[in-house]
Amino acid sequence: MDVFEAIVERKSIRKYKKSDVEDEKLDKILESARIAPSAANRQEWKFLVVKNQETRDKLVEAANDQKFVAQAPITIVACSTESERVMPCGQHAYTVDLSIAVSFMILEATELGLGTCWLGAYDEDKVKDILSIPKDIRVPAMFTLGYADETPVTRSRRDLDQIVCHEKYE
């Protein structure tokens with residue numbers, strides 16, 4: 001599978017098989033984050049791999065009661081170890097850097113035949129309490145990981161001419 005195929009095939013999975021994810025596959029997914037680009041190559045991040053069922057059960061409440069968080073065999077929590085740096089473009093570096101790294105991990109997971117769901121609905125402070133994450137560390141992203149037990153339909157997307165402008169914003 002090439003990168004574009006992984007992009008096309010990726011779906012948000014909310015139903016997982018009870019199968020464990022092989023260590024080799026998990027390592028490759030984590031390696032894709034390690035080598036992802038970051039602002040000034042600072043790599044100001046840490047990724048928590050959560051496999052413990054009791055901990056994942058607690059994360060359900062922090063994730064707005066999304067039950068599939070406990071069902072997926074792994075949840076990966078992306079943490080920023082430095083959250084104040086602002087790039088010259090005005091964006092906080094950590095949100096961009098961790099979005100890139102998580103996207104790389106999700107695409108690698110897709111290539112390896114695994115399903116994921118990027119979580120945006122969660123209480124950051126509750127996640128920090130559950131996982132003993134220091135208060136000054138930000139958690140801009142987390143996602144579930146495992147073997148899909150569903151095949152979601154492809155959702156419609158806008159046409160390119162609706163989302164692309166050339167030379168100036170129109």
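**Figure 1. The second largest pocket of this predicted model is lined by 14 residues, and Glu-9, Arg-10, Lys-11, Ile-13 and Thr-110 are the ones that lie nearest its centre.** The model is predicted, and the volume of this second largest pocket comes to about 220 Å³. When the residues of its lining are sorted by class, five turn out to be nonpolar, five polar and four charged.

**Figure 2. The largest pocket encloses about 370 Å³ of space.** Its lining includes one group of residues with low numbers, namely Phe-4, Ile-7, Val-8, Arg-10, Lys-11, Ser-12 and Arg-14, together with Pro-152, Val-153, Thr-154, Arg-155 and Arg-157. Sorted by class, the lining of this pocket has five nonpolar, two polar and five charged residues. Arg-10 and Lys-11 belong to this lining, and they are also listed among the residues that lie nearest the centre of the second largest pocket.

**Figure 3. The largest nonpolar core has 23 residues, of which Val-77, Val-127, Leu-131 and Ile-133 touch the most other members.** At least two residues of this core are supplied by each of the following elements: strand 1 (45-50), helix 3 (53-62), helix 4 (68-71), strand 2 (74-80), strand 3 (115-119), helix 6 (124-131) and strand 4 (138-146). Another core lies apart from this one and holds 22 residues, among them Ile-29, Phe-47, Leu-98 and Phe-143. In soluble globular proteins, nonpolar side chains tend to be buried together.

**Figure 4. Val-77 is shown with the residues that it touches, leaving out those up to four places away in sequence.** Which residues does Val-77 touch? Its partners include Lys-46, Phe-47, Leu-48 and Val-50, and also Val-127, Leu-131 and Ile-133, while Val-139, Ala-141 and Met-142 complete the list. Phe-47, one of these partners, is a member of the core of 22 residues that lies apart from the largest one.

**Figure 5. Cys-79 and Cys-117 are viewed in a structure that holds zero disulfides.** Cys-79 is in no disulfide, and the nearest cysteine sulfur, which belongs to Cys-117, is 18 Å away. Why is there no bond from the sulfur of Cys-117 to that of Cys-79? The two sulfur atoms are 18 Å apart, which is too far for a bond, because a disulfide calls for a pair of cysteine sulfur atoms within 2.5 Å. Cys-79 counts as buried, at 3% relative accessibility, and Cys-117 counts as buried as well, at 1%.

**Figure 6. Val-102 and Tyr-94 are two residues of helix 5, which spans residues 93-111.** With a relative accessibility of 1%, Val-102 counts as buried, and Tyr-94, at 11%, counts as buried too. Setting aside residues up to four places away in sequence, Val-102 touches Ala-78, Trp-118, Ala-141 and Phe-143, whereas Tyr-94 touches Ser-80, Glu-82, Ser-83, Arg-138 and Pro-140. The C-alpha atoms of Val-102 and Lys-25 are separated by 15 Å, although these residues are 77 places apart along the chain. For Tyr-94 and Val-127, which are 33 residues apart in sequence, the C-alpha to C-alpha separation is 18 Å.

**Figure 7. Ala-70 is located in helix 4.** Is Ala-70 buried or exposed? Its relative accessible area is 14%, so Ala-70 is buried, since that value falls under the 20% limit for a buried residue. When neighbours within four places in sequence are left aside, the contacts of Ala-70 are Gln-53, Arg-56, Asp-57 and Val-60. Ala-70 is 51 residues from Ser-19 in sequence, and their C-alpha atoms are 13 Å apart in space.

**Figure 8. Asp-65 and Glu-167 each have a positive phi, although neither is a glycine.** Most residues other than glycine have a negative phi. In the loop between helix 3 and helix 4 lies Asp-65, whose phi is near 65°. The phi of Glu-167 is near 75°, and this residue has its place in the segment after helix 7 (160-163). Asp-65 is partly exposed, with a relative accessible area of 45%, whereas Glu-167, at 84% relative accessibility, counts as exposed.

Technical notes:
Residues are numbered from 1 along each chain as its sequence is written. This is a predicted model: local features need pLDDT of at least 70, side-chain atom pairs count only at pLDDT 80 or more; totals for chains, interfaces and linings use all residues. Side-chain values use heavy atoms; hydrogens and water are left out. On a 1 Å grid over the protein atoms alone, a cavity is a set of points where a 1.4 Å probe fits but cannot get out, and a pocket is an open set with protein on both sides within 12 Å along at least five of seven lines; lining residues have an atom within 4 Å of a point. Grid points are joined across faces, edges and corners, and a volume is the space filled by probe spheres set on the points. Ala, Val, Leu, Ile, Met, Phe, Trp, Tyr, Cys and Pro count as nonpolar, Asp, Glu, Lys and Arg as charged, and the others, Gly among them, as polar. Buried means under 20% relative accessible area, exposed over 50%, partly exposed in between (1.4 Å probe, protein chains only). A nonpolar core is a set of buried Ala, Val, Leu, Ile, Met, Phe, Trp, Tyr and Cys residues joined through side-chain atoms within 4.5 Å. Helices (H or I, at least four residues) and strands (E, at least two) are DSSP runs, numbered from the N terminus. Contact means heavy atoms within 4.5 Å.
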